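Hi,

Here is the structure I promised to pass on. Please load it before you read further.

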Amino acid sequence: MRVVVMGATPWSLQVIDGWPEPRAGPGQVVVRVLGVGICGSDLALVAGTRHPPSLPWVPGHEATGVIAATGTGVDTTRIGQRVVIEPNYPCLNCPACRAGQTSMCPDRTAVGFTAPGMLAELVTLPAAYAWPVPEDWADTDAVCAEPLTVALAAIKR
């Protein structure tokens, strides 16, 4: 499988082949990535002003794609469904999560920053964070769903 990885030198990105293909575990889906947005947080990683947990590192967190496989406990009719990926997976157990403030979860997984990102042909994620995309949305529009929700949440606050 091909992925984009960053190396130890700022702005060093390369496409590599032979990365292990993900498999869906219980409650997970594998998504074939169709598009990934690049935002300022990603640029900070690539520029070396923000540091990943390890190298080589797969960046990217704003993504859209098609569900290619499901793990146990996930409806197999979701295979083939176009989705946008919500890139933050809260623990759902801490006080912030229990209060409904999952964006404040101190133990959340932040795709592209605390877990490998979406600049890959295939990615695995919890099924609950793969949101269906309306048929009339272009992939170029769907990839903007995550930054739009961040902006709308900020305005609401």
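Below is what turned up, starting with the sheet and moving on to the rings.

Keep in mind that this is a predicted model.

The sheet first. It is open and has five strands, in the order 8-3-4-5-9, with antiparallel pairing. Strand 8 (122–126) and strand 9 (130–132) form the edges, each pairing on one side only. From one strand to the next, the twist averages 45°.

Now look inside the sheet. Strand 3 (residues 28–37) and strand 4 (residues 62–70) run antiparallel, joined by eight bridges. To find your place there, use V31: its opposite residue in strand 4 is I67.

Next, the aromatics. How many aromatic pairs does the structure hold? One. The partners are Y89 and Y129, with ring centres 5.1 Å apart. Their planes meet at 45°, between the 30 degrees below which a pair is stacked and the 60 above which it is edge-to-face, so this pair counts as tilted.

The pair links distant parts of the chain. Y89 belongs to strand 6 (residues 88–89), while Y129 sits in the loop between strand 8 and strand 9, 40 residues apart. That loop runs between the two edge strands of the sheet.

Are the two tyrosines buried or exposed? Y89 has a relative accessible area of 11%. For Y129 the value is 13%. The cut-off for buried is under 20%, so Y89 is buried, and so is Y129.

One last contact involves a charge and a ring. R50 lies over the face of F113, 4.2 Å from the ring centre.

Best wishes

Conventions: Residues numbered from 1 in each chain as written. Predicted model: local features only at pLDDT ≥ 70, side-chain atom pairs only at ≥ 80, totals over all residues. Heavy atoms only, no water. Pairing = 2+ DSSP bridges. Helix = DSSP H or I, 4+ residues; strand = E, 2+ residues; numbered from the N terminus. Axes fitted to C-alpha atoms, helices over the stretch in contact; angles between N-to-C directions. Phe/Tyr/Trp six-rings, centres within 6.5 Å; stacked < 30°, edge-to-face > 60°. Buried < 20%, exposed > 50% of the residue type's maximum accessible area, 1.4 Å probe, protein only. Lys NZ or Arg CZ within 6 Å of the ring centre and 35° of its normal.
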